[in-house]
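The paragraphs below lead through a structure, starting from a loop residue and ending at a pocket. Please keep the sequence and the 3D view at hand while reading.

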Amino acid sequence: RPAQWGPSPGFEKIRWLKPVFVDDVISYKSRVHEKRDVRSRPNVGLLLSMNEGTNQHGELVFSVISKMFVERRVPLG
């Protein structure tokens, strides 16, 4: 069973670097930036992801670090 994703406690470092227009095509990528323990909830971790969007010209138009609570994996055995 996949881990359950919980609520988001928000975002960090939101940057709009270039204007985005109606006919633009935005490509989006996301990668894990950091993982943190949550002391008050040992069955949950905080996952920070770096998210970036580029337009059809390959120009970076936005970036943001998103935060999401994620159920921790329990080791088998």
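Asp23 counts as exposed, because its relative accessible area is 72%; buried means under 20% relative accessible area, exposed over 50%, and partly exposed in between, with a 1.4 Å probe and protein chains only. Asp23 is in the loop between S1 and S2, where helices (H or I, at least four residues) and strands (E, at least two) are DSSP runs numbered from the N terminus. From Asp23 to Arg73 the separation is 50 residues in sequence and 42 Å in space, C-alpha to C-alpha.

The model is predicted, so local features need pLDDT of at least 70 and side-chain atom pairs count only at pLDDT 80 or more, while totals for chains, interfaces and linings use all residues. Residues are numbered from 1 along each chain as its sequence is written, and side-chain values use heavy atoms, with hydrogens and water left out. The mean pLDDT of the chain is 89, and 91% of its residues reach 70 or more; pLDDT is the predictor's confidence in each residue, from 0 to 100. Among the elements of the chain, the lowest mean pLDDT belongs to S2 (93) and the highest to S3 (95).

The loop between S1 and S2 also holds Val20. Val20 is partly exposed, because its relative accessible area is 41%. Its partner in a second distance is His57: Val20 and His57 are 37 residues apart in sequence and 12 Å apart in space, C-alpha to C-alpha.

Strand S1 contains Lys13 and Ile14. Lys13 is exposed, with a relative accessible area of 62%, and has a positive phi of about 50 degrees although it is not a glycine. Most residues other than glycine have a negative phi. Ile14 likewise counts as exposed, at 53% relative accessibility. Between the C-alpha atoms of Ile14 and Asn55, which are 41 residues apart along the chain, there is a separation of 17 Å.

In strand S2 lies Lys29, which is exposed with a relative accessible area of 55%. Lys29 and Leu48 are 19 residues apart in sequence, and their C-alpha atoms are 14 Å apart in space.

Next come the aromatic side chains. A pair of aromatic rings is described by the distance of the centres and the angle of the planes. Rings of Phe, Tyr and Trp (its six-membered ring) pair if their centres lie within 6.5 Å; planes under 30 degrees apart count as stacked, over 60 as edge-to-face and the rest as tilted. By this rule there are two aromatic pairs. The pair of Trp16 and Phe62 is tilted, because the ring centres are 5.4 Å apart and the planes stand at 40 degrees. This pair links distant parts of the chain, with Trp16 in strand S1 (residues 10–16) and Phe62 in strand S4, 46 residues apart. Trp16 is exposed at a relative accessible area of 63%, whereas Phe62 counts as buried at 14% relative accessibility.

Why does the pair of Tyr28 and Phe62 count as stacked? The ring centres of Tyr28 and Phe62 are 6.2 Å apart and the planes are at 25 degrees, so the pair is stacked. Tyr28 lies in strand S2 and Phe62 in strand S4, so this pair ties together parts that are 34 residues apart in sequence. Tyr28 is exposed, with a relative accessible area of 54%. Ring pairs thus link Trp16, Tyr28 and Phe62 into a cluster.

Another ring has a charge over it: the charged end of Arg41 sits over the ring of Phe69, 5.4 Å from its centre. A charge sits over a ring if NZ of Lys or CZ of Arg is within 6 Å of the ring centre and within 35 degrees of the ring normal.

The last feature is the largest pocket, which holds about 270 Å³ of space. On a 1 Å grid over the protein atoms alone, a pocket is an open set of points where a 1.4 Å probe fits, with protein on both sides within 12 Å along at least five of seven lines; lining residues have an atom within 4 Å of a point. Grid points are joined across faces, edges and corners, and a volume is the space filled by probe spheres set on the points. The lining has 12 residues, of which Lys35, Leu47, Val70, Glu71 and Arg72 lie nearest the centre of the pocket. Strands S2 (27–37), S3 (44–54) and S4 (60–71) each supply at least two residues of this lining. By class, the lining has five nonpolar residues, one polar and six charged; Ala, Val, Leu, Ile, Met, Phe, Trp, Tyr, Cys and Pro count as nonpolar, Asp, Glu, Lys and Arg as charged, and the others, Gly among them, as polar.
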